[in-house]
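Trainee: I would like to go through this structure by questions, one element at a time. Please reason each answer through and finish on the value or name I ask for.

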Amino acid sequence: MNPSHRQASTLTCSTTWVKGVAEMFKAVGLDVPALFAEAGMDIAILNDPHASYATEKLCALWKIAAARSNNPAIGLSVPEVTTPAIFDVVGYAMMSSENLHASLERLICYLRLVTDAATIVLTEEDGGYWFTLAINGDLQRNVPRQRFDFNLITLVTFCRWVTKQDIRPLAVEFTHPEPDDRAPYEDAFRCPLRFGAVANRLFLSRTDIFTPLPSSNPSLASLHDRYASERLGRLDQHRICAKAQELITRRLAHGEPLRADIASALCISERTLQRRLQDEGTSFQELVEQTRYSLAQQYLGQHQLPISETVFLLGFTDQSALFRACKRWFNMSPKQYRNHLLLSR
């Protein structure tokens, strides 16, 4: 079973993010209205901060833009200054944070206000932190490279702007093959690059990530947190998927999550839970599978965590169940997948 469990059409990106993309296209001389029309996107809602675009439409937009510009590296054509506006209210919460680490933690916390099509993980390793970006579901393998390029360079550019320092990652990795011309990547990131990697991610030094922000303001940070939390709460009122997945994640270590228990915790009937998940393009069993898949990638990437412990944390009854799941997800055994992750670093 492929761990892609939400229909692409249910995944969206905010208009504030897409507007930043559109402004970049305009700056390099592309006909933005024509691009939107060809991608089947309604440009009339671009200035509505409460609207959003289906993420597969954004993928189509990037493919069209790359073709029309005849520039495979168009995703790196980001202005030298990336302001908080592209991140909506999340950007202002990030800007008022104590340091870059707290800023990125806020981005992760409130990411769904920008998009529910992506997952971000911040993990500490010797000397720094990996910032890993993934696109959820089947979209991962269909995402044009330009979209990942744009997302990562936008983050780096924002880090440079908000710290007022020339932040340079220690490394940047891409899942797409090495391009014919590496120069645009070298100019943009100014650090060692790796292509054909297992993830799209960048490595920030510990010194850089704990750089104090000149715009830090605890009072404003608290205010932005309250506003972002309220926005997130309103967003989640009709999104049962996120709530159910959070409960599943917490209960996996206690064994196979039961739909009846999750429904009870949400104060709704099993039938209502099933119907609402179906409305959001998934099912309870698919949600359990997706949660296990995502967690397995994290746990197996931690070489110090015994595989036997991973079995327990994922709610499996024995190692053979994990073995079958990894064969289904990665076409590898748990040990082979762990070795694959270690060799790819």
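Trainee: In which helix is serine 320 found?
Mentor: This is a predicted model, in which local features need pLDDT of at least 70, side-chain atom pairs count only at pLDDT 80 or more, and totals for chains, interfaces and linings use all residues. Residues are numbered from 1 along each chain as its sequence is written, and side-chain values use heavy atoms, with hydrogens and water left out. Helices (H or I, at least four residues) and strands (E, at least two) are DSSP runs numbered from the N terminus. On that numbering, the run at residues 319–330 holds serine 320, and it is helix H16.

Trainee: Is serine 320 buried, partly exposed or exposed?
Mentor: Buried means under 20% relative accessible area, exposed over 50%, and partly exposed in between, with a 1.4 Å probe and protein chains only. The relative accessible area of serine 320 is 37%, so serine 320 is partly exposed.

Trainee: What separates the C-alpha atoms of serine 320 and serine 333?
Mentor: Serine 320 and serine 333 are 13 residues apart along the chain. In space, their C-alpha atoms are separated by 9.9 Å.

Trainee: Arginine 328 lies in helix H16 too; how far is it from tyrosine 293, C-alpha to C-alpha?
Mentor: Arginine 328 counts as partly exposed, at 36% relative accessibility. Tyrosine 293 is 35 residues from arginine 328 in sequence. The C-alpha to C-alpha distance between arginine 328 and tyrosine 293 is 9.9 Å.

Trainee: How are helices H1 and H2 oriented to each other?
Mentor: Axes are lines fitted to C-alpha atoms, for helices over the stretch in contact, and angles run from 0 to 180 degrees between N-to-C directions. Angles under 35 degrees count as roughly parallel, over 145 as roughly antiparallel, 65 to 115 as roughly perpendicular and the rest as oblique. H1 (residues 15–27) and H2 (residues 32–39) pack at about 125 degrees, with axes 9 Å apart. H1 and H2 are therefore oblique.

Trainee: Which residues of H2 make the contact with H1?
Mentor: Contact means heavy atoms within 4.5 Å. From H1 come Val18, Ala22, Phe25 and Lys26. From H2 come Val32, Leu35 and Phe36.

Trainee: Which helix gives the most to the largest nonpolar core?
Mentor: A nonpolar core is a set of buried Ala, Val, Leu, Ile, Met, Phe, Trp, Tyr and Cys residues joined through side-chain atoms within 4.5 Å. The largest has 71 residues, of which Phe25, Phe36, Val90, Leu107 and Phe189 touch the most other members. With ten residues, the helix that gives the most to this core is H7 (residues 145–163).

Trainee: How many residues are in the second, separate core?
Mentor: Among its members are Ala244, Leu287, Cys326 and Tyr337. The number of residues in this second core is 32.

Trainee: Which strands stand at the edges of the five-stranded open sheet?
Mentor: Two strands pair if DSSP finds at least two bridges between them. The order is E3-E4-E7-E5-E6, with mixed pairing. A strand at an edge has a single partner strand, so one side of it is left without a neighbour in the sheet; these strands are E3 (118–125) and E6 (193–194).

Trainee: How many bridges join strand E5 to E7?
Mentor: On one side, E4 (residues 128–135) pairs with E7 in the antiparallel sense over six bridges, and threonine 132 stands opposite arginine 201. E5 (residues 171–173) and E7 also run antiparallel, with alanine 171 opposite phenylalanine 203. The number of bridges that join E5 to E7 is three.

Trainee: How many residues of strand E7 are buried?
Mentor: Asn200, Leu202 and Leu204 point one way from E7, and Arg201, Phe203 and Ser205 the other way, and all are buried. E7 (residues 200–205) is therefore largely enclosed by the rest of the structure, and its buried residues number six of the six.

Trainee: What is the phi of glycine 127?
Mentor: E3 and E4 run antiparallel, joined by eight bridges. They form a hairpin with two residues between them. Glycine 127 is in the turn, and its positive phi is about 90 degrees.

Trainee: What is the phi of lysine 164?
Mentor: Most residues other than glycine have a negative phi. Lysine 164, in the loop between H7 and E5, has a positive value. Its phi is near 60 degrees.
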